[in-house]
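Thanks for making time this morning. I would like to walk you through the sheet in the structure I am about to put up, strand by strand.

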Amino acid sequence: MWEQIAANRRKSILLVMSAALLLGALGWALGVNFMGRNGGVPGVMLALVVWLVMTLTAWYQGDNIMLSVAGAHRVQKEDLPQLFNVVEEMTLAAGLPKMPAVYVIDDPAPNAFATGRRAENAAIAVTSGLLKTLDRDELQGVVAHEMAHIRNRDIQLMLFAGVLAGAIVILAEGGLRGMWLGGGRSRSRRDGGSDGSGIVAILAVVLMILAPILAQLIYFAVSRKREYLADASGASFTRYPEGLASALEKISRAPQRLGGATSATAPMYIINPLKRAGEMAANATSTHPPIDERVRILRSMAGGGLADYERSYREVTKGGGVIPKSALQGEPAVAAAAAQAGQPAPQVAPAPVAAGPAPSARESARQVDDFFYRKDGYRKVDCACGTTLRIPPDFATPAAKCPRCGTLHDLR
Amino acid sequence: MAALFLLPLVLAVVAVMWGVGIYNGLVAARNRVKEAWAQVDVQLKRRFDLIPNLIETVKGYMQHERGTLEAVTQARAAVAGAGTQAQRVEAEAGLTSALGRLFAVSEAYPDLKASTNFASLQEELASTENKIGFARQFYNETVMNMNNRVQMFPGNIIAGMFHFAPETFFEVKDEVQREAPKVSFN
Amino acid sequence: MKCPACRVPMYVVEYQQIELDLCGACEGVWFDSGELALLLGDQRPLDAAPAPTDEATRSCPLCDKPMDKVNIGPGRRVLVDRCPRGCGLWFDGAEVAALVADLDAAGWGLPAAVHGFLREMFPAKGGK
């Protein structure tokens with residue numbers, strides 16, 4: 001995995017540099033536009049300050065920003081024991097030093113993402129729709145995929161990419177708005193002096209147009225190869241590729257669209273949240289590889305190791321490999337390495353023996369909902385006929401009727 | 001002239017630095033093995049601690065399953081009494097299969113299955129069982145990495161000089177694995 | 001969540017671990033597609049083509065998209081609102097009762113699980 005990590009670090013630096021350049025240009029253009037000819041240098045200085053603040057913000061607050069944009073809430077073990085256990089299991093399988101914090105998003109569209117500065121303080125967020133749709137094996141597959149993003153340090157890159165893209169879009173939009181207001185004023189003050197403000201205006205407009213294209217470039221940067229790699233590592237954690245395969249299928253078939261996702265945060269999710277079911281076809285600009293291809297690769301794996309994924313990937317895509325050689329020589333390519341070292345191939349854990357049934361789908365759905373009802377201050381009323389009523393805090397009427405037995409429950 | 005004397009010196013320094021690099025790699029690999037084993041151990045202890053609670057909960061419902069319950073208690077005692085690592089590994093495997101039988105038998109007791117206490121214990125134990133498996137899988141990966149360094153050229157030279165020995169895999173015997181009933185989560 | 005008809009906050013009723021959202025003012029019922037899936041298990045969900053009607057269009061309480069009108073039940077006599085994005089189904093106050101009555105009269109026209117649950121949740125109240 002080290003090759004991939006080094007590549008990520010190079011890409012992170014490149015991203016920060018190009019964002020700084022764009023910001024500098026934006027600062028120069030805005031400075032000249034608003035402060036006259038000599039405004040260029042202070043404009044660039046201002047942009048550099050903004051860049052520094054942004055980068056520091058991304059480094060120290062980026063994960064929190066991502067989580068709050070997505071509307072994620074932290075959960076503890078007593079809230080959702082099964083989700084918590086699954087995350088703990090995958091932490092062990094990935095050999096991470098510390099278990100990521102667990103977050104839940106109240107959204108019916110099934111999806112998940114991981115974020116954080118480094119493996120030691122990462123977070124995994126899943127939607128309530130995901131918890132309601134998937135069974136335990138599938139959930140484990142999704143969490144394993146996210147855990148792979150954390151261990152492969154993809155989250156660091158996605159963090160920078162997301163925050164920078166968001167900030168640039170905001171700045172460009174702000175500049176555009178300022179141009180309509182302030183630009184007009186300065187022109188009238190100089191009564192029509194041709195001091196190049198026209199060129200500056202054109203340049204600024206060009207920069208406004210560039211911003212969304214840069215967001216597109218970030219889509220590219222968070223390359224599709226990384227998703228394949230996370231699938232491969234995820235499968236090697238659970239040793240059960242079918243779990244992730246079937247989860248990907250279910251998630252891609254779900255009709256709902258995720259509410260809290262923007263083009264800046266989309267690359268973080270396990271499945272692109274901005275595309276609707278039925279239009280999942282990948283094109284050159286897609287952030288995520290086509291789902292059915294990911295599923296097919298996972299399904300034709302002979303075993304649960306990285307080498308198995310590599311072989312399956314070559315077969316399905318008829319192309320070159322996806323996993324760096326160093327990773328294949330290293331850890332879980334067990335059989336080959338053992339033969340080289342002249343040892344009998346050790347039996348690396350088969351899918352562990354599960355000792356009992358998980359709560360039913362209905363039960364886990366109620367667990368998730370209960371968490372959000374508690375958080376949102378819903379009042380619980382148990383009706384004698386066996387139903388349970390939950391009353392929102394802003395409920396207007398003084399009584400609520402049980403539809404089953406017709407009892408009116410006094411709420412005052 | 002000076003270059004002729006310097007060349008062997010430079011070569012020696014390079015060789016020593018290269019050796020130090022390999023040595024440090026070996027130490028790091030050994031520490032990773034230790035850390036990974038500590039994780040396995042934490043989960044094994046957790047299971048060990050959960051069992052009295054489980055027996056207490058189950059006892060009232062499963063009057064007719066004395067033998068199954070006793071097998072679990074005995075397997076747990078065997079874990080406590082294990083001296084060497086090899087004995088421990090075997091005893092833990094025995095405990096896994098005894099627990100598996102207990103949960104398989106519990107399917108026949110609807111009252112027990114309806115008890116919320118049992119349901120949460122079952123999720124806890126099932127998950128601990130998974131955690132043991134995953135921690136063991138990672139431990140075996142670190143052992144593989146360590147052993148490759150110790151046994152492959154050129155690491156084996158340094159390893160021999162400083163007495164780095166290959167580590168033992170935590171293997172699960174095939175028969176035990178087959179005995180343990182696979183109870184699905186679905 | 002607000003009632004698509006009256007725009008007041010709805011309350012939630014849970015029975016047999018299935019949840020429905022109810023409006024206290026108009027007695028309308030929101031059937032979330034997630035809950036429908038829990039009820040149906042592996043069975044196919046209800047599908048019907050949108051029907052032409054002059055009934056006022058309502059917006060989905062979750063995604064705010066204008067909902068389609070579809071006829072469901074035996075003889076397709078009950079007109080309900082369905083979110084085009086698949087968020088769920090909306091029954092106006094009298095529609096659930098009408099559906100249950102139709103189902104009872106005609107036998108199974110909907111998957112048995114849905115009919116059984118609706119009959120349990122909304123037992124026929126004399127006259128209505």
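I will start with the overall arrangement of the sheet and then go through its pairings. Please keep in mind throughout that this is a predicted model.

In chain A, 4 strands form an open sheet with mixed pairing, and their order across the sheet is β1-β2-β4-β3. The edges are taken by β1, residues 72-74, and β3, residues 112-115, of chain A, and because each of these has a single partner strand, one side of each is left without a neighbour in the sheet. From one strand to the next, the twist averages 30°.

Let me go across from the β1 edge. β1(A) pairs with β2(A), residues 101-105, in the antiparallel sense over 3 bridges, and within this part of the sheet A:R74 stands opposite A:Y103 of β2(A). The next pairing, between β2(A) and β4(A), is parallel and runs over 5 bridges, with A:I105 having A:T127 in β4(A) as its bridge partner. Finally, β3(A) and β4(A) run antiparallel and are joined by 4 bridges; here A:A114 stands opposite A:I124 in β4(A).

So what of the surroundings of β4(A), is this strand mostly covered or uncovered? It is mostly covered, since 5 of its 5 residues are buried, and this holds for both faces, with A:A123, A:A125 and A:T127 buried on one side and A:I124 and A:V126 buried on the other.

Conventions
Residues are numbered from 1 along each chain as its sequence is written. Chains are lettered from A and ligands numbered from 1 in the order in which they are written. This is a predicted model: local features need pLDDT of at least 70, side-chain atom pairs count only at pLDDT 80 or more; totals for chains, interfaces and linings use all residues. Two strands pair if DSSP finds at least two bridges between them. Helices (H or I, at least four residues) and strands (E, at least two) are DSSP runs, numbered from the N terminus. Axes are lines fitted to C-alpha atoms, for helices over the stretch in contact, and angles run from 0 to 180 degrees between N-to-C directions. A residue is buried if 20 or more other C-beta atoms lie within 10 Å of its own, exposed if 12 or fewer, and partly exposed in between; C-beta atoms are placed from the backbone.
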